[in-house]
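Work through the following exercises with the sequence and the model at hand. Try each task before reading its solution.

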Amino acid sequence: QVQLVESGGGLVQPGGSLRLSCAASGRIFSLSAMNWYRQAPGKEREFVATVASGGLKNYADSVKGRFTISRDNAKNTLYLQMNSLKPEDTAVYYCNAYNGINYWGKGTLVTVSS
């Protein structure tokens, strides 16, 4: 069983930065692919970024060059550094762990607005 708790969301102006964290409980964090998804108001949940257990990373085209995903296996923590934020980045951001079974956090709200 993996439990995921996101933090770090908030209100930020366009062009600003935020760092999201996802604290994971459970022994399988280091064996799982870890991902960030987001869901904007009125839209479906969409993939943002992934980091495999071996460290390989991939990003949605909409965030490439602006967002950086990282993981600290010693701390069982996943991060998402978000720079150059745009209003269209406004969404609830969810942490996801996958090792054959999907685990989800409850999400943290990011609002980009002046």
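**Exercise 1. Find the residue of E3 that is the bridge partner of Val5, then describe the sheet around this pair.**

Solution.

Step 1. Note that the model is a predicted one. Val5 has Ala23 as its bridge partner in E3.

Step 2. Look at the two strands that hold this pair. E1 and E3 are joined by 5 bridges and pair in the antiparallel sense. Strands of a sheet pair through backbone hydrogen bonds, either parallel or antiparallel.

Step 3. Extend the view to the sheet. The order E1-E3-E8-E7 describes an open sheet of 4 strands with antiparallel pairing. Its edge strands are E1 (3-7) and E7 (67-72), and each of them pairs on one side only. On average, neighbouring strands of this sheet are turned by 15° against each other, direction ignored.

**Exercise 2. Decide whether Ser21 is buried or exposed, and list its contacts outside its own stretch of chain.**

Solution.

Step 1. Place the residue: Ser21 belongs to strand E3, which covers residues 18-25.

Step 2. Apply the cut-off. Buried means under 20% relative accessible area. Ser21 has 18% relative accessibility, so Ser21 counts as buried.

Step 3. Leave aside the neighbours within four places in sequence. Ser21 is then in contact with Val5, Glu6, Ser7, Trp36, Thr77, Leu78 and Tyr79.

**Exercise 3. Explain why strand E9 is described as largely enclosed, and name the strands that E9 pairs with.**

Solution.

Step 1. Count the buried residues. Strand E9 spans residues 91-98, and 6 of its 8 residues are buried, so E9 is largely enclosed by the rest of the structure.

Step 2. Take E4. E4 and E9 are antiparallel and pair over 7 bridges. In this pairing, Tyr37 stands opposite Tyr94 in E9.

Step 3. Take E11, residues 108-112. E9 and E11 run antiparallel and are joined by 3 bridges. Here Val92 stands opposite Leu109 in E11.

Step 4. Take E10. E9 and E10 also run antiparallel, with 3 bridges between them. Asn96 stands opposite Trp104 in E10. E9 and E10 form a hairpin with 3 residues between them, and Gly100 in the turn has a positive phi of about 105°.

**Exercise 4. Find how many aromatic pairs the whole structure has, and classify each pair.**

Solution.

Step 1. Recall the two quantities needed. A pair of aromatic rings is described by the distance of the centres and the angle of the planes.

Step 2. Search the whole structure: there are 2 aromatic pairs.

Step 3. Classify Tyr37 and Phe47. Their ring centres are 5.8 Å apart and the planes stand at 75°, so this pair is edge-to-face. Tyr37 lies in strand E4 (residues 33-39) and Phe47 in strand E5 (residues 46-51), so the pair ties together parts that are 10 residues apart in sequence. Tyr37 counts as partly exposed at 22% relative accessibility, and Phe47 is partly exposed at 27%.

Step 4. Classify Tyr37 and Trp104. The centres of these rings are 5.1 Å apart and the planes are at 65°, so the pair is edge-to-face. Tyr37 in strand E4 and Trp104 in strand E10 are 67 residues apart, so to speak of this pair is to speak of a link between distant parts of the chain. Trp104 counts as partly exposed, at 37% relative accessibility.

Step 5. Combine the pairs. Tyr37, Phe47 and Trp104 are linked into a cluster by ring pairs.

**Exercise 5. State which rings Arg45 lies over.**

Solution.

Step 1. Arg45 lies over the face of Tyr94, 3.7 Å from the ring centre.

Step 2. The charged end of Arg45 also sits over the ring of Trp104, at 4.6 Å from its centre.

**Exercise 6. Decide whether Tyr103 is buried or exposed, and find what it touches.**

Solution.

Step 1. Tyr103 is part of strand E10, residues 102-104.

Step 2. With 13% relative accessibility, Tyr103 counts as buried.

Step 3. Not counting residues up to four places away in sequence, Tyr103 touches Gln1, Val2, Leu4, Ile28, Cys95, Asn96 and Ala97.

Step 4. Check one of these contacts along the chain. Tyr103 and Ile28 are 75 residues apart, and their C-alpha atoms are separated by 11 Å.

Note on methods: Residues are numbered from 1 along each chain as its sequence is written. This is a predicted model: local features need pLDDT of at least 70, side-chain atom pairs count only at pLDDT 80 or more; totals for chains, interfaces and linings use all residues. Side-chain values use heavy atoms; hydrogens and water are left out. Buried means under 20% relative accessible area, exposed over 50%, partly exposed in between (1.4 Å probe, protein chains only). Contact means heavy atoms within 4.5 Å. Rings of Phe, Tyr and Trp (its six-membered ring) pair if their centres lie within 6.5 Å; planes under 30 degrees apart count as stacked, over 60 as edge-to-face and the rest as tilted. A charge sits over a ring if NZ of Lys or CZ of Arg is within 6 Å of the ring centre and within 35 degrees of the ring normal. Two strands pair if DSSP finds at least two bridges between them. Axes are lines fitted to C-alpha atoms, for helices over the stretch in contact, and angles run from 0 to 180 degrees between N-to-C directions.
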